[in-house]
Amino acid sequence: MKTSITVAALMLASPIAANSVPISSKVPGWKMGTVGAPIKMNLFYDLGCPDSRDAYYAWQKMFAEDSHVSGKKYSDLIDMTVSTFVLPYHLHSWTVTKAIPYLQDVCEADSSKCFMNSYSELCWEHWNTDL
(Lines give C-alpha, C1' and ligand atoms only; values in the text may rest on other atoms or scores of the structure.)
Protein backbone atom coordinates (compact mmCIF):
# COMPACT_ATOMS: atom_id res chain seq x y z
CA MET A 1 0.00 0.00 0.00
CA LYS A 2 2.82 2.41 0.87
CA THR A 3 4.45 1.71 -2.49
CA SER A 4 1.35 2.61 -4.50
CA ILE A 5 0.86 5.83 -2.52
CA THR A 6 4.53 6.75 -3.07
CA VAL A 7 4.28 6.07 -6.81
CA ALA A 8 1.08 8.12 -7.07
CA ALA A 9 2.70 11.03 -5.18
CA LEU A 10 5.76 10.93 -7.43
CA MET A 11 3.58 10.94 -10.55
CA LEU A 12 1.63 13.96 -9.33
CA ALA A 13 4.85 15.82 -8.58
CA SER A 14 6.44 14.99 -11.94
CA PRO A 15 6.40 17.31 -14.97
CA ILE A 16 4.34 14.72 -16.86
CA ALA A 17 1.34 15.30 -14.62
CA ALA A 18 1.85 19.07 -14.64
CA ASN A 19 1.51 19.23 -18.45
CA SER A 20 4.41 21.55 -19.09
CA VAL A 21 3.43 21.94 -22.76
CA PRO A 22 1.35 25.08 -23.31
CA ILE A 23 -1.98 24.36 -24.97
CA SER A 24 -3.76 27.22 -26.67
CA SER A 25 -7.23 28.05 -25.39
CA LYS A 26 -8.40 28.62 -28.97
CA VAL A 27 -7.81 27.01 -32.33
CA PRO A 28 -4.85 28.86 -33.85
CA GLY A 29 -5.43 30.28 -37.29
CA TRP A 30 -7.15 33.00 -39.20
CA LYS A 31 -10.72 33.69 -40.22
CA MET A 32 -12.30 33.50 -43.63
CA GLY A 33 -15.93 34.12 -44.45
CA THR A 34 -18.10 35.93 -41.94
CA VAL A 35 -17.41 35.73 -38.21
CA GLY A 36 -20.55 34.53 -36.43
CA ALA A 37 -22.11 33.01 -39.57
CA PRO A 38 -24.41 30.01 -39.02
CA ILE A 39 -22.01 27.43 -40.53
CA LYS A 40 -18.78 26.92 -38.58
CA MET A 41 -15.84 25.19 -40.26
CA ASN A 42 -12.24 24.42 -39.35
CA LEU A 43 -9.86 23.96 -42.28
CA PHE A 44 -6.31 22.68 -41.98
CA TYR A 45 -3.77 23.56 -44.67
CA ASP A 46 -0.17 22.54 -45.23
CA LEU A 47 1.67 25.49 -46.74
CA GLY A 48 3.96 23.11 -48.62
CA CYS A 49 1.20 20.96 -50.10
CA PRO A 50 -0.12 21.43 -53.65
CA ASP A 51 -3.42 19.76 -52.68
CA SER A 52 -3.92 22.30 -49.88
CA ARG A 53 -3.16 25.03 -52.39
CA ASP A 54 -5.80 23.71 -54.78
CA ALA A 55 -8.36 23.47 -51.96
CA TYR A 56 -7.59 27.04 -50.85
CA TYR A 57 -8.25 28.45 -54.32
CA ALA A 58 -11.44 26.36 -54.63
CA TRP A 59 -12.71 27.86 -51.34
CA GLN A 60 -11.79 31.36 -52.50
CA LYS A 61 -13.76 30.84 -55.72
CA MET A 62 -16.76 29.38 -53.88
CA PHE A 63 -16.84 32.23 -51.33
CA ALA A 64 -17.34 34.73 -54.16
CA GLU A 65 -20.33 32.84 -55.62
CA ASP A 66 -24.00 33.40 -54.83
CA SER A 67 -25.41 30.81 -52.43
CA HIS A 68 -28.77 29.05 -52.42
CA VAL A 69 -29.96 31.66 -49.88
CA SER A 70 -31.39 34.67 -51.71
CA GLY A 71 -29.12 37.71 -51.62
CA LYS A 72 -26.22 35.98 -49.84
CA LYS A 73 -22.87 34.73 -51.00
CA TYR A 74 -21.31 31.61 -49.51
CA SER A 75 -18.86 33.84 -47.64
CA ASP A 76 -21.85 35.31 -45.77
CA LEU A 77 -22.97 31.88 -44.56
CA ILE A 78 -19.66 30.35 -43.47
CA ASP A 79 -17.49 31.21 -40.46
CA MET A 80 -14.24 29.43 -41.27
CA THR A 81 -11.11 29.12 -39.17
CA VAL A 82 -8.05 28.21 -41.23
CA SER A 83 -5.14 26.59 -39.41
CA THR A 84 -1.83 25.28 -40.63
CA PHE A 85 -1.00 21.61 -40.23
CA VAL A 86 2.43 20.43 -41.31
CA LEU A 87 2.38 17.04 -43.00
CA PRO A 88 5.50 15.00 -42.19
CA TYR A 89 6.47 14.31 -45.80
CA HIS A 90 6.44 17.97 -46.91
CA LEU A 91 9.97 18.73 -45.86
CA HIS A 92 10.00 22.52 -46.14
CA SER A 93 6.51 23.15 -44.83
CA TRP A 94 7.62 23.50 -41.21
CA THR A 95 10.06 26.26 -42.18
CA VAL A 96 7.42 28.46 -43.79
CA THR A 97 4.77 27.62 -41.17
CA LYS A 98 6.89 29.01 -38.33
CA ALA A 99 5.94 32.56 -39.41
CA ILE A 100 2.21 31.98 -38.85
CA PRO A 101 2.09 32.72 -35.07
CA TYR A 102 3.89 36.03 -35.67
CA LEU A 103 1.54 36.95 -38.53
CA GLN A 104 -1.43 36.03 -36.37
CA ASP A 105 -0.21 38.29 -33.54
CA VAL A 106 0.24 41.18 -36.02
CA CYS A 107 -3.26 40.60 -37.39
CA GLU A 108 -4.85 40.50 -33.93
CA ALA A 109 -3.08 43.73 -32.94
CA ASP A 110 -4.14 45.59 -36.11
CA SER A 111 -6.80 44.07 -38.36
CA SER A 112 -5.61 46.19 -41.30
CA LYS A 113 -2.36 44.17 -41.24
CA CYS A 114 -3.69 40.65 -41.79
CA PHE A 115 -1.36 38.99 -44.24
CA MET A 116 -2.30 35.34 -43.68
CA ASN A 117 -3.94 34.78 -47.06
CA SER A 118 -1.20 36.70 -48.88
CA TYR A 119 1.48 34.70 -47.08
CA SER A 120 -0.28 31.43 -47.85
CA GLU A 121 -0.54 32.37 -51.52
CA LEU A 122 3.16 33.27 -51.55
CA CYS A 123 4.05 29.89 -50.05
CA TRP A 124 1.91 27.99 -52.53
CA GLU A 125 3.20 30.06 -55.46
CA HIS A 126 6.70 28.86 -54.57
CA TRP A 127 5.80 25.49 -53.02
CA ASN A 128 8.33 23.57 -55.12
CA THR A 129 11.28 25.83 -54.22
CA ASP A 130 12.95 26.68 -50.96
CA LEU A 131 11.75 30.02 -49.61
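## Salt bridges around aspartate 79

Lysine 40 and aspartate 79 form a salt bridge in this predicted model, with 3.6 Å between the closest N and O atoms. This contact links distant parts of the chain, since lysine 40 lies in strand E2 (residues 39-45) and aspartate 79 in strand E3, 39 residues apart. Aspartate 79 also pairs with lysine 31, where the closest N and O atoms are 3.1 Å apart. Here too distant parts of the chain are linked: aspartate 79 belongs to strand E3 (residues 78-84) and lysine 31 to strand E1 (residues 30-33), with a separation of 48 residues.

The partners vary in accessibility. Aspartate 79 is buried at 5% relative accessibility, whereas lysine 31 is partly exposed at 45% and lysine 40 is exposed at 56%.

## Salt bridges in the whole structure

The structure holds 4 salt bridges. One of them joins lysine 73 to aspartate 66, at 3.2 Å from N to O. Lysine 73 is partly exposed, at 34% relative accessible area, and aspartate 66 is exposed, at 59%. Through shared partners, salt bridges connect Lys31, Lys40 and Asp79 into one network.

## Disulfide and other cysteines

A search of the whole structure finds 1 disulfide. Cysteine 107 and cysteine 114 form this bond, with their sulfur atoms 1.8 Å apart. The torsion about their S-S bond is about 75°, so the disulfide is right-handed.

Cysteine 107 is buried, with a relative accessible area of 17%, while cysteine 114 is partly exposed at 35%. Cysteine 49 is buried at 6%, and cysteine 123 is buried at 2%.

Conventions. Residues numbered from 1 in each chain as written. Predicted model: local features only at pLDDT ≥ 70, side-chain atom pairs only at ≥ 80, totals over all residues. Heavy atoms only, no water. Disulfide = S-S within 2.5 Å. Buried < 20%, exposed > 50% of the residue type's maximum accessible area, 1.4 Å probe, protein only. Salt bridge = Lys/Arg side-chain N within 4 Å of Asp/Glu carboxyl O. Helix = DSSP H or I, 4+ residues; strand = E, 2+ residues; numbered from the N terminus.
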